[in-house]
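Visitor: I should like to take a close look at a single part of this model. Would you please describe chain B, its domains and its contact with chain C?

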Amino acid sequence: MFMRPTLLAIATLLTINTAWADEVQVAVAANFTAPIKALAADFQKDTGHTLVAAYGSTGQFYAQINNGAPFDVFLAADDTTPAKLEQEKAIVPGSRFTYAIGTLALWSAKPDYVDAKGDVLSKGTYKHLAIANPKAAPYGLAATQVLEKLKLTEATKAKLVEGQNITQAYQFVSTGNAELGFVALSQIYQDGKVTQGSAWIVPAALHEPIRQDAVILNKGKDNPAAKALVDYLKTPKATALIKSYGYEI
Amino acid sequence: MSHTIRARLQLRRDTFSLDVDLELPGRGISALFGHSGSGKTTCLRCLAGLERASHGRVEVNGEVWQDDTQRTFIAPHRRPLGYVFQEASLFAHLSVRDNLMFGWRRVASEQRKVSLEQACELLGIGHLLTRRPATLSGGEAQRVGIARALLSSPRLLLMDEPLAALDGPRKREILPYLERLHRELDIPLVYVSHSQDEVARLADHLVLLEQGRAVASGPIADMLARLDLSLSQSEDAGVVLEGTVSGHDPAYQLLDLRLPGTDAPLLRIAHPAQALGSSVRVKVQARDVSLSLDADSTSSILNRIAVRVRECRPAENPAHVLVALDAAGSALLARITRYSADQLQIHPGQALWAQIKSVAILG
Amino acid sequence: MFDASDLGAIWLTLKLASVTTLILLLVGTPLAWWLARTRSWWRGPIGAVVALPLVLPPTVIGFYLLLALGPNGLIGQTTAALGLGSVVFSFTGLVIGSVVYSLPFVVQPLQNAFGAIGQRPLEVAATLRASPWDSFIHVALPLARPGFITASILGFAHTVGEFGVVLMIGGNIPDKTRVVSVQIFDHVEAMEYAQAHWLAGAMLVFSFLVLLMLYAGRRDKAGWS
């Protein structure tokens, strides 16, 4: 019996809370995990809205969104999936924009293993070269384009190991199971420098740009917090933070 | 010296301890008799090596199987023994034939003493060879189990209450086969039982076990006639007598049996003819013997024998007393009411007439 | 229906499941025998370790295997010292992972089968001159046959259905570590839903048939015993 007033109080609090602040459910590409965590705090402070993020692969999110997943905003790892969703009328018209352009890095967990020009790729005696699955992950596709451009596709064919996504490619390298790997610079970069191991930042000319597009999904159409997040991502403050993680914009 | 089975066994368990020093004849059937928990099965398992007594010595007809002072312990599969378990325990995945041949195949050919044909003939199982164990009756399965043990040509047979899991008719089905083994094979047999009838019928020697100790040991006839042992207190207490067939009355279908000894009395038993001179074991139950001061020849009782009182003791039932009698060298027991005992003023040395109401021929 | 890479994945999966099942029967039989009969204090801890893969998420097993098999891990350093190099991203690595992952599915049915036999048939065999090894081969193994059938089917099927561990240590290499479950995941990720359907449907039918075999087999046995 004495539970009643407590429950009532909580219910009242919740109601009051939602009256002045909304919650936005965001599907976030795995490579953007670190920046979105940093952004979320600022976003809440500046707008009063709460950001709830789910991390995963763009392909999986696509399948989930098609089957009614409750996301308001989708930060994809590529531009083709959001474009596809736009065609299928699954997004708020006109909401699609590029929030970041990814940078690819050739990375090793060992210091001094990767040289400044990435010559280790053609000359090194490594056994395994980790990449993300090129069929599903844009960073994986970009990595194969780099190898193609450097005419190393044949030479590295037997050494390639694929992670299902860029996070797993990072894991293979960080545990030392693969000596080398193509990862997202954002995974190993903070405040303008590589945080661990050794890396070669792959010149953008060697692959198609990795445009990462964001959209407001139909579900977020009437959610003020969704609109607020998209607007927030375009502010100079946010872009500066995104760049500090090794993205272009 | 060599025809002896000696076993000194000490074993401690949480709820039970065994401490026995047995000396059994190296031929014939020795029964380990006692209630459940008396340690008889444990003794048998120690003889087989299935269980290891902590301090023990086991010697069978001159061969040492265990001697803890010498750190000798022969593994069970290296001991030339046959073991019959309470349940037949046939291998479910093998046919009857393959069950029978399991031990036979594992004995060197020059050591094989029993053939499949002999074993089948002895136990009447020739027609079962192609069957699966699951399709056998309890009695059939146990006969196969016994034959299987025989086919490993054992120098010692151990049987752990082989009839206990069977009902009355199945027991009666198997007993004749066991008696036949006794007669036809010269393999010493140690037989665990808690049934006095079985023991009276089969055993030559009896060890009485109580709470892990061997209370008494001796020839079966002596043991059953002793008033100081718990055996005499049982409902079916009685003595066994070995007699020789000395005549037959075809008109009345009566068999004459002469007991051993010069002045030995004659027993007359309602029974079909048997070969003259053949040896027959009979059991006389204590409750079937009544006593009188003179030879009253007018009653319907067939057997009236002059006896002398050896000893008289109260029975567990306060209305009864047990009287041990001597009939010209053969021992008899009588269970009579205490009232009658007082009326007859029964005392050791007293001469009386024993009237035997019925005599059961065993086997 | 199935393209070359699908067929490659199917073939690889069958090969992995067969090799794994074979190794598990060889390793699992003595282990199950020991677990079924020992009175040692170690029975509890070892039994629990064997059962761990039943409750652990495959990603946990995969993650620890990735660390253990890697150049800084215990197994990785051992294989390197033996001149075998690293086994991560190789068929051998997958076999090791699968053996760990499917261990309880083989050991437990065998342990139950050995336990159900009990002490008696082995005692009988000993009194019929069979040495312990002889009894094991000619009595325990044949009597445990239903357990071996169940163990083989479960071990095989569970390995076929393995995903998380392969994902963590496989590296998705065609014909080496890209098994059916990973191939299905790939198809879904790449939005190739038709191909995903074919493979996923095949897995579904396969798994159903395996379980049908187990359950139908069980009923038969109950029928005649």
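Guide: The following account describes chain B as a whole, then its two domains, and finally its contact with chain C.

Please bear in mind that the model is predicted. In chain B, the secondary structure amounts to eight helices and 21 strands. The radius of gyration of this chain is 22 Å, close to the 21 Å that the globule rule gives for 363 residues, so chain B is as compact as a globular protein of that length. Along the principal axes, its C-alpha atoms fill a box of roughly 65 × 50 × 35 Å. Of the 363 residues in chain B, 39% count as buried. The contacts of the chain may also be considered by separation in sequence: among those between residues at least 6 apart, 66% join residues at least 24 apart.

Chain B is divided into domain 1, which covers 4-233, and domain 2, which covers 238-362. The C-alpha centres of these two domains of chain B lie 32 Å apart. Where they touch, nine residues of domain 1 of chain B are in contact with 13 residues of domain 2 of chain B. On the domain 1 side, the elements that give two or more residues are helix H6 (196-202) and helix H7 (220-225) of chain B. H7(B) gives the most to that side, with four residues. By type, the residues of the domain 1 side divide into six nonpolar, two polar and one charged.

We now turn to the neighbouring chain in this contact. Chain C has eleven helices and zero strands. Its C-alpha atoms fill a box of roughly 65 × 50 × 25 Å, taken along the principal axes. Buried residues make up 40% of the 225 residues in chain C. Among contacts in chain C between residues at least 6 apart in sequence, 72% join residues at least 24 apart.

The contact between the two chains takes 18 residues from chain B and 13 residues from chain C. On the side of chain B that touches chain C, strand S7 (81-84) and helix H2 (96-105) of chain B are the elements that give two or more residues. The largest share of this side, three residues, comes from S7(B). The residues of the side of chain B that touches chain C divide into ten nonpolar, six polar and two charged.

Note on methods:
Residues are numbered from 1 along each chain as its sequence is written. Chains are lettered from A and ligands numbered from 1 in the order in which they are written. This is a predicted model: local features need pLDDT of at least 70, side-chain atom pairs count only at pLDDT 80 or more; totals for chains, interfaces and linings use all residues. Two residues are in contact if their C-beta atoms, placed from the backbone, lie within 7 Å. Ala, Val, Leu, Ile, Met, Phe, Trp, Tyr, Cys and Pro count as nonpolar, Asp, Glu, Lys and Arg as charged, and the others, Gly among them, as polar. The radius of gyration is taken over C-alpha atoms; the globule rule is 2.2 Å times the number of residues to the power 0.38. A residue is buried if 20 or more other C-beta atoms lie within 10 Å of its own, exposed if 12 or fewer, and partly exposed in between; C-beta atoms are placed from the backbone. Domain bounds come from an automatic or database domain assignment.
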